[in-house]
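Visitor: Could you walk me through a structure with a bound ligand? I would like to learn how to read its features.

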Amino acid sequence: MLKLGVLVSGRGSNLQAIIDSIERGILKAKVELVISDNPEAYALERCKRHNIEHKVLERKSYTTKSAFEEDLVRHLKAKGVELVVLAGFMRILSETFIEPFRNRILNIHPSLIPAFQGLHAQRQAVEFGAMFSGCTVHIVDESVDAGPVVVQAVVPLLQEEDEDSLASRILSFEHKILPQAVQWFAEGRVEIKGRRVLIKDAKYGTLPVNPRLEIFT
Ligand code: GRF
């Protein structure tokens with residue numbers, strides 16, 4: 001079983017998608033530890049409900065960013081975590097955190113990167129007048145929302161689209177592509193060649209928005 005550590009800051013619906021996929025048996029992994037930097041995060045309730053070990057580590061309890069990140073690493077390594085998932089974790093991580101888990105950290109972002117990086121990606125897409133947006137699972141490196149892409153799903157914008165409606169339609173695809181990406185890691189099929197991420201023996205699915213999705217098609 002692939003040992004996961006999940007970092008969260010809020011609602012935790014992507015964490016829930018991972019938990020549900022594990023419980024359905026389509027994701028062969030175990031959430032060893034969830035860490036929230038926000039004591040009020042609803043994600044912590046989800047952990048309690050599913051008996052998942054969880055911790056709150058607040059940035060303000062540390063004098064420096066690197067002390068905070070070193071402690072995150074320490075807790076994750078103590079649980080033997082092999083893959084870290086940033087599931088709505090609202091902090092930018094530096095090399096201190098990234099290096100010990102190099103190429104083993106995933107982030108979910110609600111746009112087709114490199115478009116609409118940073119905060120309020122869905123609002124950016126609506127305001128720009130884009131006709132397509134979507135979501136991306138990418139490898140986390142020192143850039144912000146710009147690491148190598150593992151999987152994306154395309155979501156068309158409707159004429160009457162607003163930020164909330166787009167966010168909710170994108171979210172339903174986030175909940176498919178994030179567990180999918182984790183499962184590829186669990187199967188040892190992810191090969192990173194520079195900026196390109198290859199999935200060994202990809203079985204192309206039928207979903208037009210994302211031909212590489214396998215476990216949900
Ligand atoms: C998602 O839209 C994700 O793409 C972004 O933050 C949001 C987290 O939502 N990085 P949740 O906490 O997983 O419900």
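Guide: We will go through the ligand site, then a helix, then a loop.

Guide: This is a predicted model, where local features need pLDDT of at least 70, side-chain atom pairs count only at pLDDT 80 or more, and totals for chains, interfaces and linings use all residues. Residues are numbered from 1 along each chain as its sequence is written, and side-chain values use heavy atoms, with hydrogens and water left out.

Visitor: Which residues surround the ligand?

Guide: A residue is near a molecule if one of its heavy atoms lies within 4 Å of it. Here the ligand is surrounded by Arg 11, Gly 12, Ser 13, Asn 14, Gly 88, Ile 108, His 109, Pro 110 and Glu 174.

Visitor: Which polar side-chain atoms lie close to an oxygen atom of the ligand?

Guide: A polar contact is a pair of N or O atoms within 3.5 Å; within protein, one must be able to donate a hydrogen and the other to accept it, and residues adjacent in sequence count only if both atoms are side-chain atoms. A side-chain N or O atom of Ser 13 is 2.6 Å from a ligand oxygen, and a polar side-chain atom of Glu 174 lies 2.8 Å from a ligand oxygen. Asn 14 uses a backbone N or O atom instead, 2.9 Å from an oxygen of the ligand.

Visitor: How much of the ligand does the protein bury?

Guide: Accessible areas come from the Shrake-Rupley method with a 1.4 Å probe; for residues, only the protein chains shown count as cover. Taken alone the ligand exposes 370 Å², and the protein buries 86% of that.

Visitor: How do I read helix α6?

Guide: Helices (H or I, at least four residues) and strands (E, at least two) are DSSP runs, numbered from the N terminus. The expected span of a helix is 1.5 Å times one less than its number of residues. Helix α6, residues 163-186, has 24 residues and reaches 34 Å from first to last C-alpha, close to the 34 Å expected. Gly 188 follows α6 with a positive phi near 65°.

Visitor: Where is the cis peptide bond?

Guide: The cis bond joins Ile 113 and Pro 114, with omega about 15°. Pro 114 lies in the loop between β5 and α5.
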